[in-house]
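Dear colleague,

Please find below the sequence and the structure that I am handing over to you. My notes on a few of the strands follow.

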Amino acid sequence: MRHLSQTTRKTRRWGTAAALIAAASAPALFAADVLPVVQSLDKVASRPGVFRGARFTPDAGGRSASAGDRAVDFGASGSGPVYVQDASFLNASTATDELSVSFWTKKYDIAAGSAFWINSPSSGGARAFQAHVPWDNNNVYFDTAGCCAGDTQRINAGIDTFSGYTGDNTWWTDSWHHFVFTKQGSTKKIWIDGVLFLEGENTAPLPTDITDLYIGSDGTGTGLFHALVDDFAIFGTALSETVVKQIHGGTAPSALPAAAELLAVWEFNDAPADGQFVSISPAADSTSASPDLIQIVHIDGTTPWSAANVSLKVDGVAVTPTVTKSGLTATVAYTPATLPAAQTRHTASFTYPSEGGSKTVEWSFTIAPYTTDVVSKRVGAFRGGSSFTGGGGGRSGAAGDYSVDFGLGTGPVYVRDGAFLNAATANNELTVAFWGKKYNIAASSAFWFNSPSSNNGFRGYQAHVPWSDNTIYFDTSGCCGGDTQRISANIDTFSGYTGDVSWWTNDWHHFAFSKKGDVKQVWIDGILFLEAVNTAPLPTDFTEIFIGSDAASGNRYQGLIDDFTVFGAALGESDLTSLKNGNAPTTLPAAAKLLAFWNFNDIPPGGLFVSFSPADQATDGLPNQIKVVHLDGTTAWDLSKVSLTVDGAAVAATSTRANSRVTVAYTPNPIFAALSKHTATLTYPNPDGTLASVTWSFTVGAYTRDLVAGNVGAVKGAAVFTADAGGKTGTAGDYAIDFGRNNAGQSVHIVDASFINVATANDELSFAAWQKLHLLADSALVWAVSPSSSGGQRGFSTHAPWSNNTLYFDTAGCCAGDTQRINAGADTFSGYTGDVGFWTNWHHLVFQKKGSIKQIWIDGEVFLEGENTGALPTDFTEAFLGFDPPDNARMRGLIDDAAFFKTALTEADVKALFNGTKPNALPAAAGLIAYWNFNDPPAAPATGPTFGITRSGNKVTITSTAPLPDGYVLETAASITGPWTVQAGATTPVTVDIGAGNAFLRAVKR
């Protein structure tokens, strides 16, 4: 990353504009450019298995417990997989439909996860060969060539059917067990501890396009395994009972006869001599760093770490960290006496002992926007784009009252140290209270206090306020036992509820969740809403707090929260009435035991940047918009002092203010070319009236334009234009968009879909497109966003089909059958072949609504017609092809000739489209309002030769990967100002004598 220091005008150069919109929590850092890569090499061909957050156990931590034997430790919550980038060596064996995987494991818990996952693009979910050992239902699953057909792909059984199982989860957690998964032809077997556990028939042959391998996760590095794993081995044969028993008896895979065809084995005994970094925080290039901690956690190698042999600098200045040891694990931590300002960039430099002498790692990070509690200044870092509201945005509406705005699920606010809760929970007593105002009733958590001893995601103390079913849930000490952990009730049982969703969205409401002994209560607006008994005592190992999300920063709250408060006592009616009446938590009696109180009124005087678009260093920037959003602080920007330059030239940007937010926007004319690079600089006033500026650069991504009005469709993530003739017709010049086979961020983002509203004002709209799937998966063909619509702003959406082979057509929200949704299984279509292969060919789809009548057409025939009385919304803002945002469901296939019409098409029009007529060739009465034919792929960027430089003494030799273009020569000079001397007859290679000073070389056209 490249960063410019501040100048006298306080010019800042951000490494990433996402630094200005706090991003989701960064995973454990394993970037090779910051810390040493931790890996284990297989014993057959030294193939690296790269640790992505996993760690080696201490010596003797392997399954034999003998000196020199280690294992890989994925941690109690799943710290990340071991990743083998190239697993194509398996394809020679899978070509004969034969393979075995063997490993030892000892688990921390019975959580949903994958022990291993071998990827194959041609397999459903890329699931070539994988196992759940077990899933959270105690079933062992073994999948090959996709999932999850019992006759072709999957065998499974509950562990309670295994003769050696003790009937208790300690069987998994207290002892090592050996597993082998084999396939030979259609026969699959699972062996446990040398005994055949399960045998079945799956007829689908193994794929031969295997790409990579994950040990300890699913095929995307998620779905993590909570366990230790040792001696992970892959064989080119289906191991016999004799060989399986040998391995279980202690024979190393590498010591087996050659006939077993060992292909790879990771023994995990090659821990690095310098030890292993477990974590470094803030993570390198983090954009959501907490301001109060720099921390390095490391497992000792040959030289133990101590305060005497490690050192830390912050922004070039030596600081004094604390060093604590727990066994072999060292924790180096530093908290600055004065917290750095939000959205400032900092660099840390850490020196530590190494076998070859000391080593230094250096990394940079950006401080997130943050708030501090008024009791003990505990930091809550704003993540994911959450921010303060403008002044008066708090529950009181007073000018100096702010709250936290999570938008439509941007959060959370993250408090890294929740240990202060444990003194109170040791008495089995706690209250959480806050004010809330919702934008939407979506599946979400208002808060989540992490406790590693609590099940179901460290669920120590959390509430859904409400879940998407309008039910309020209050969980403690895990989930979801009704007698021990959970109380819940629907909001419609509350006496003060109006019976309408506007109760949530139009007004602030006060909530309190308390537990004292076995009694739990939920209070709303000072009234007891729910009381019940949960006997499980509160845990005493709380670690961290998430306000506005669950423990993984998911299930995010959509709305505002104010005055988030924690008390060490279970508050009574008088205290809760006082809070509901507007009194500050600090005014309650000492007996309430106020522990923490975030009032969100500490916005920086200069405000905060909310977003930059395109983001700095973005490679998928939009071609038609540069936009910066800034939240005013206590001193509002003088808009007359705001200006923007693009590529060094001043441009006529607009600056507008709404709800304390300033939006600076510029639309280039003509719009930027795809793949072009640009730099923008925003100048703005500081609170003292001086000027500051921020500069960022970006590359415009690939995009397509509709043929009616030039509406931009940004091609995102893994989506790409097909090769020429890849469109539906297969003719030269016809392209389509290929969304790929995996869920990898793909979509076509129609940035401005407001053109739809001209049609929906008449409660009429059609969408038509050709589609060809690679595989069935949860996905959407089109999703048009309407903020007024429920179901994730689902104004007009089509699942065509969902993974269950059902087509859904939703309008004006979801999912009422009389007003919003029609659906039917694909097998009810007369032209359906009865096989999922139907979808892997091109088919034409039309979804349309006119008044209350909705229709789905397939290949020129009416597939489904129904009545939905909910009128189409008229506030459409944007749309996506191939993507359902709320469910992160993305198409795995191709789309061509996508079009919107402002009418419901006639049968003649639909049949014409199916028979090859282009949307813009239909009669004008069809009302075409947008049409993307995807025949405008970006031109490939021009490339030139790459130069290499080598030095020998005072001579430098320049080489290039290709000849210089015609007319170019190389010139040298002793000074950058010349004079320049042409290297006679030379292009490359050329050798330059630089002598004792400098020399300069350039390529120029003559």
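Which residue in strand 64 is the bridge partner of Ile 750? The answer is Ala 879. Please note that the model is a predicted one.

Ile 750 belongs to strand 55, which covers residues 747-750. The side chains of this strand point in two directions: Ser 747 and His 749 go one way, whereas Val 748 and Ile 750 go the other. All of these residues are buried.

Strand 55 is paired with strand 64 (residues 878-881) through three bridges, and the two run antiparallel. Strand 55 is also joined to strand 52 (residues 712-716), here by four bridges and again in an antiparallel arrangement. Within the pairing with strand 52, Ser 747 of strand 55 has Lys 716 opposite.

A second region concerns an open sheet. Four strands make up this sheet, in the order 42-44-48-47, with antiparallel pairing. Strand 42 (608-613) and strand 47 (654-658) each have a single partner strand and stand at the edges, so one side of each is left without a neighbour in the sheet. From one strand to the next, the twist averages 15°.

Inside that order, strand 44 (residues 626-631) pairs with strand 48 (residues 661-666) over six bridges, in the antiparallel sense. Val 628 is found opposite Val 664 of strand 48.

With kind regards

Notes. Residues numbered from 1 in each chain as written. Predicted model: local features only at pLDDT ≥ 70, side-chain atom pairs only at ≥ 80, totals over all residues. Heavy atoms only, no water. Buried < 20%, exposed > 50% of the residue type's maximum accessible area, 1.4 Å probe, protein only. Pairing = 2+ DSSP bridges. Axes fitted to C-alpha atoms, helices over the stretch in contact; angles between N-to-C directions.
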